[in-house]
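Please open the model in your viewer and keep the sequence panel visible beside it. This tour proceeds by selections, each followed by a short account of what is found there.

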Amino acid sequence: MPTPTSADNSALPGRAGDVGELLGTIAALREHCPWMGALTHESLVEYLIEEAYEVVDSIEAGDSPARDDELRGELGDVLLQVVLHARLAEERGSFTFDDVARSINAKMVRRNSHVFKADGSLQESFPASVEEIIVKWDAAKRAEKPERKDPFEGIPPHLPALAAAQKSLDRAVRAGLDVDAEGALAAVGLPTVPDSEEALGELLLAVVAAAREQGLDAERALRATVRSFQNGQAQAS
């Protein structure tokens, strides 16, 4: 496959505008910059994770014009990771950035039948509740992979423990599995949880601090408990 030698959009037929210019720039860098040319999917992983967390930091900084400027830049950094991975795949003849965009667009249409018809045109009417949307979304996902029985399948094993716990509980509830939050709290001697995220954060930090004093690893402990929860729920279903 010929490699474009400049960032000119004409080097990438059919691509125009800002996205086309970015694709051309990355193609030229891959050819002419030794550092960029040496990148691999594996070597890019750390950057993808870092850039994603920087987007989160920007969002949680609070709503302001300065935040918007920073968020725009951080989203650009995430987009760069997508473009780089797509370019690496294109160079070996696997898929292109256009294929990535086409695939995710098709998935959005397919999984959002409450908004789109199969041909991508809009439905005549739309659901009134989020609950109805979730039911339709889950049904569409099940239709895509009817062989998938484990409600926790697809949860990345390297998610931070708290994120894995949250997603596992969400999946369990949506799958109709029994999640006894009050019973779990009582079992550890905690009658309730704080009614604000600030107070909850303080409680979690206190738990981590106490674990540290005991020489315990809170992340590892929660990760193990989440795995036990997933296994137990999967067996019960």
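A residue is called buried when its relative accessible area is under 20%, exposed when it is over 50%, and partly exposed in between. The model on the screen is a predicted one.

**First stop: helix H5**

Select helix H5, which covers residues 97-111. Within this helix, choose Arg102 and Asp99, whose side chains meet in a salt bridge with a distance of 2.7 Å from N to O. Why are Arg102 and Asp99 separated by about one helical turn? The two residues are three residues apart in helix H5, and therefore about one helical turn lies between them. Arg102 counts as exposed because its relative accessible area is 51%, and the cut-off for that class is over 50%. Asp99, at 30% relative accessibility, is partly exposed. In general, side chains of opposite charge can pair when their charged atoms come close.

**Second stop: the loop before H5**

Move next to the loop between H4 and H5, and select Thr96, which is placed there. Is Thr96 buried or exposed? Thr96 has a relative accessible area of 18% and is therefore buried. Now add Val83 to the selection: Thr96 and Val83 are 13 residues apart along the chain, and their C-alpha atoms are separated by 9.0 Å.

**Third stop: charged residues of helix H4**

Select helix H4, residues 65-91. Begin with Asp69 and Arg72, which form a salt bridge whose closest N and O atoms are 3.3 Å apart. Asp69 and Arg72 are three residues apart in helix H4, so about one helical turn separates them. Asp69 is partly exposed at 44% relative accessibility, whereas Arg72 is exposed at 57%.

Then select Asp68 together with Arg67. These two residues also form a salt bridge, and their closest N and O atoms are 3.4 Å apart. Asp68 is partly exposed, with a relative accessible area of 39%, whereas Arg67 counts as buried at 14% relative accessibility.

Continue with Arg30, Arg87, Glu90 and Glu91, which are linked in a network of salt bridges. How many salt bridges does the structure hold? There are 13 salt bridges in the structure.

**Fourth stop: a patch of negative charge**

Remain in helix H4 and select Glu70, which has its place there. Glu70 is partly exposed, its relative accessible area being 40%. Add Asp57, Glu60 and Glu197 to the selection. Together with Glu70, these residues gather on the surface in a patch of negative charge.

**Fifth stop: the nonpolar core**

Which residues make up the largest nonpolar core? Select Leu23, Ile26, Met36, Leu39, Leu44, Val83, Leu84, Ala86, Leu88 and Phe97, the 10 residues of this core. Helix H1 (17-32) and H4 are the elements that give two or more residues to this core. H4 gives the most, with four residues.

Now reduce the selection to Leu44, a member of this core that is found in helix H3. Leu44 counts as buried because its relative accessibility is 2%, which lies under the cut-off of 20%. Add His85 and display the C-alpha atoms of both residues. Leu44 and His85 are 41 residues apart in sequence, and 8.1 Å apart in space from C-alpha to C-alpha.

**Sixth stop: a nonpolar patch on the surface**

Select Val45, Ile49, Tyr53 and Val56, which make a nonpolar surface patch of about 350 Å². Val56 has its place in helix H3, residues 41-60. At 36% relative accessibility, Val56 is partly exposed.

**Final stop: helix H8**

Select helix H8, residues 181-187, and within it Ala181. Ala181 is partly exposed, with a relative accessibility of 47%. Add Ala143 to the selection. How far apart are Ala181 and Ala143 in sequence and in space? Ala181 and Ala143 are 38 residues apart in sequence, and 30 Å lies between their C-alpha atoms. This selection closes the tour.

Technical notes:
Residues are numbered from 1 along each chain as its sequence is written. This is a predicted model: local features need pLDDT of at least 70, side-chain atom pairs count only at pLDDT 80 or more; totals for chains, interfaces and linings use all residues. Side-chain values use heavy atoms; hydrogens and water are left out. Patches are made of residues with over 30% relative accessible area and no salt bridge: like charges are joined within 9 Å, nonpolar side chains (Val, Leu, Ile, Met, Phe, Trp, Tyr) within 5 Å. Accessible areas come from the Shrake-Rupley method with a 1.4 Å probe; for residues, only the protein chains shown count as cover. A salt bridge is a side-chain nitrogen of Lys or Arg within 4 Å of a carboxyl oxygen of Asp or Glu. Lys and Arg count as positive and Asp and Glu as negative; His and the chain ends are not counted. The place of a charge is taken as NZ of Lys, CZ of Arg, CG of Asp or CD of Glu. Buried means under 20% relative accessible area, exposed over 50%, partly exposed in between (1.4 Å probe, protein chains only). A nonpolar core is a set of buried Ala, Val, Leu, Ile, Met, Phe, Trp, Tyr and Cys residues joined through side-chain atoms within 4.5 Å.
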